[in-house]
Amino acid sequence: MTREEIIRKHKQYLFPSITNYYENPLVTDHASMQYLWDSEGKKYLDFFGGIVTVSVGHCNPRVTSKMKAQMDKLQHASTLFPNEAIVSLAEKCAQITPGEISQSFFSNSGTEANETAIQLARVHTGNYEVVALRHSYSGRSQLAQSLTGQSSWRKSLPGASGVVHALNPYCYRCPLGKTYPSCNVACANDVEAVIQTTTSGQIAAFIAEPIQGLGGFITPPKEYFKIVFKILKNYGGLFIADEVQTGWGRTGKKWFGIEQWEVTPDIITAAKGMANGTPVGATMTRPEIAASFKGLQISTFGGNPVTAVAARATIDLIEEDRLMDNCSTVGAHFRAGLEDLQEKYPVIGDVRGMGLMQAMEFVKDPETKEPAPQETARFMEECRTRGLLIGKGGLYGNVIRMSPPMNIAKSDVDEAIKVMDGALAAVCSPVAVAAR
Ligand code: PMP
């Protein structure tokens, strides 16, 4: 098919809600490690990795070779029969997850992983209500959409009952109008007020992404989750860490994002980068919580042998090559480059994130912080023209999200920064650095 045919058929045969990036959609053709090629043969440096999913490089042969071998051996038999692939993945997850988390329920997506976690928290605690955060994203099922804290992703209402939303720790735009650290992390204490005033006073769970992904890589202050953890334990709730974007080393040094806040969650959910692009979902917890599921449960494809092999190979590769350390060192280099750009271009109001999960929030004026969604969209187009793929997010569509494969080098970062410098210059004029 030609590029035009693909775009036309996409419009004709897929739901219109499946939107594409860019004024002229980028038709993908093939990819290898940190590079992706479009149908016209143009090469791009991929700094978004299929929405924070390509952890160890596109089509990494150390993952795909094992998948191919598994495909020829046993592609599917369902969870009705044990096999080596699923137990080997589950065993690895038990070894690297924090605390006493040692049992997994595998499914096919982050949405399912979160659905499973909420169901489990409800049956385990006997409570129903759940506290989520504003600006969060949890998935696209009715329950996951109701957990989500952004109107644009909640259009298929009515939502599920029993979900309330606390203020999120968004320091750049503090919902309480305060400044860190003199605020004493007042937003964390809001969780208690929310439980006391908008629930029955007994909750099933608190669910949060350690760094809010679609929300625009909003990164809470270091005290935040510890304070919240203490509060929710007084009201019967489990702590669910949604590690769909932050898991598997991406935030640097640690396997899971929540470990950066020194909190041991009761349940961890994962998907995306866990299997480097093969559909996967995982809900992981302690045995006594897992045992609360009564009755029968099945997920036809959950822990499918090919998926399980892909996930195990991805996790092994991250461990063998110490990619969580690479995320720290290359991530620090990346952060420094982004902060240099911020010095030069006032359109960059905030730079935030951790490890190889970094974002820039675009504003019309750093004083008023008025969001700049048009400039954000134009910047993305300019980067695309110059051969760099990046992502977008934020409630106002004004945050650039970047999550390259975790095995990139500093030279890849330098190339990306150079491209972004040129793209920023095309979108807005730099300030005379000397004059500032
Ligand atoms: N949680 C988070 C933090 C996510 O970013 C996403 C997907 N963007 C989901 C859950 C849902 O995952 P999926 O699209 O695989 O259902």
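I began by fixing a term: two strands pair if DSSP finds at least two bridges between them. The model I am reading is a predicted one, and I kept that in mind through each entry.

**Entry 1, the four-stranded sheet.** I looked up the antiparallel sheet and found it to be open, with four strands in the order E11-E12-E15-E14. Its edges are strand E11 (348-354) and strand E14 (391-393), each of which pairs on one side only. Direction ignored, neighbouring strands of this sheet are turned by 25 degrees against each other on average. Going inward, I noted that strand E12 (residues 357-362) and strand E15 (residues 399-402) run antiparallel and are joined by four bridges, and that methionine 360 has isoleucine 400 in E15 as its bridge partner. Helix H11 (residues 323-344) packs on this sheet, where it touches E11, E12 and E15, and its direction makes about 175 degrees with that of E11.

**Entry 2, the seven-stranded sheet.** I then turned to the other open sheet, whose seven strands follow the order E4-E10-E9-E8-E7-E5-E6 with mixed pairing. Strand E4 (103-107) and strand E6 (163-166) are the edge strands, and each pairs on one side only. From one strand to the next, the twist averages 20 degrees. I checked one pair in detail: strand E5 (residues 129-133) and E6 pair in the parallel sense over four bridges, with alanine 166 in E6 as the bridge partner of leucine 133.

I also asked which helices lie across this sheet's strands, and recorded two. Helix H4 (residues 84-96) lies across E4 and strand E10 (281-285), running at about 125 degrees to E4. Helix H7 (residues 186-198) lies across E5, E6 and strand E7 (203-208), and runs at about 145 degrees to E6.

**Entry 3, the ligand.** I counted on the listing of 13 residues around the ligand, of which Gly110, Thr111, Asp242, Gln245 and Lys272 come nearest. By class, this shell holds three nonpolar, seven polar and three charged residues, and helix H5 (residues 110-125) gives the most to it, with three residues.

For polar contacts, I noted that an N or O atom in the side chain of threonine 111 is 2.5 Å from an oxygen atom of the ligand. A nitrogen atom of the ligand lies 2.8 Å from a polar side-chain atom of aspartate 242, while for tyrosine 137 it is a polar backbone atom that is 3.4 Å from a ligand nitrogen. On its own the ligand has 390 Å² of accessible area, and the protein covers 84% of it.

**Entry 4, backbone points to recheck.** Most residues other than glycine have a negative phi, and most peptide bonds are trans, so I listed the exceptions I came across. Strand E1 (residues 28-32) and strand E2 (residues 35-38) run antiparallel and are joined by four bridges, with serine 32 opposite tyrosine 35 in E2. Their hairpin has two residues between the strands, and methionine 33 takes a positive phi near 50 degrees there. Valine 52, which lies in helix H2 (residues 49-52), likewise has a positive phi, near 55 degrees.

Where is proline 181 found? I placed proline 181 in the loop between E6 and H7, and the peptide bond leading to it from tyrosine 180 is cis, with omega near 5 degrees.

How values were computed
Residues numbered from 1 in each chain as written. Predicted model: local features only at pLDDT ≥ 70, side-chain atom pairs only at ≥ 80, totals over all residues. Heavy atoms only, no water. Near = heavy atom within 4 Å. Polar contact = N/O pair within 3.5 Å; in protein donor to acceptor, adjacent residues only side chain to side chain. Areas by Shrake-Rupley, 256 points an atom, 1.4 Å probe, with all protein chains shown as cover. Nonpolar A, V, L, I, M, F, W, Y, C, P; charged D, E, K, R; others polar. Axes fitted to C-alpha atoms, helices over the stretch in contact; angles between N-to-C directions. Contact = heavy atoms within 4.5 Å.
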